[in-house]
Amino acid sequence: MKVIALTGGIGAGKSTVAKMFAELGAATIDADQLAKTAVTAGSPALQQIAASFGSEVLTPDGELNRSRLGEIVFADPQSRKKLEAIVHPEVQRLFQKQRKELLAQPDATRPAVLIYEIPLLVESAAAAQYDGVVVVTAALETRLQRLTEQRGMTHQAAQQRITAQVSDTARIAVADWVITTDESLADTLRQVTSVWQELLA
């Protein structure tokens, strides 16, 4: 089973591309979903986050207040690194657990390709541990439009999130394949299908 990292900046279209790979037959794991699992109420990671950033990052019922934590970490690179140091090891543990479960499946049902959607691939310097890297890109204006229209962010908040991440140039430097999502969904699917055929070859 090939393990392929899928990465890209916020608003680039990673989730859309991951769904297309899944429809073609890939298994998919989303690092953001693993991160949410890692910080459920009462988890060791959430306790560490509260100890590091204060009780203001918790809701009254002990859940993570994502918007408050987001305001803190996206405004301060050191805080962001501190958060990643807490959450990343737990995300890796959960990923390896799911990967082993897939590998344990019988040959007839085991997927040929696992797509791991991992936004912080470049930041975590982890590209070399995968069998290949797919980078999803879109023009800045396209990404800003998606974040403001689809996610309800202000233009300033969207710009701040994009600026806080590494550049597309840094991502493309580790890419084996680059998929651009500025055009139609049909155009994106054509690119995804081309990569898929290479992965199965």
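Let me begin with one pair: Arg68 forms a salt bridge with Glu56, and their closest N and O atoms are 2.7 Å apart, where a salt bridge is a side-chain nitrogen of Lys or Arg within 4 Å of a carboxyl oxygen of Asp or Glu. This is a predicted model, in which local features need pLDDT of at least 70 and side-chain atom pairs count only at pLDDT 80 or more, while totals for chains, interfaces and linings use all residues. Residues are numbered from 1 along each chain as its sequence is written, and side-chain values use heavy atoms, with hydrogens and water left out.

Coming back to the pair, Arg68 is partly exposed at a relative accessible area of 26%, and Glu56 is partly exposed at 42%; buried means under 20% relative accessible area, exposed over 50%, and partly exposed in between, with a 1.4 Å probe and protein chains only. Glu56 and Arg68 also belong, with Glu71, to a network of salt bridges.

Elsewhere, Arg171 and Asp168 meet in a salt bridge of 2.8 Å, N to O, and both Arg171 and Asp168 are buried. In the salt bridge of Arg110 and Asp107, at 2.9 Å, Arg110 is partly exposed at 27%, whereas Asp107 is exposed at 63%.

Now, the domains, whose bounds come from an automatic or database domain assignment: domain 1 covers 1-26 + 111-200 and domain 2 covers 32-109. How many salt bridges are there between domain 1 and domain 2? The count there is zero, although 13 residues of domain 1 are in contact with 16 residues of domain 2, contact meaning heavy atoms within 4.5 Å.
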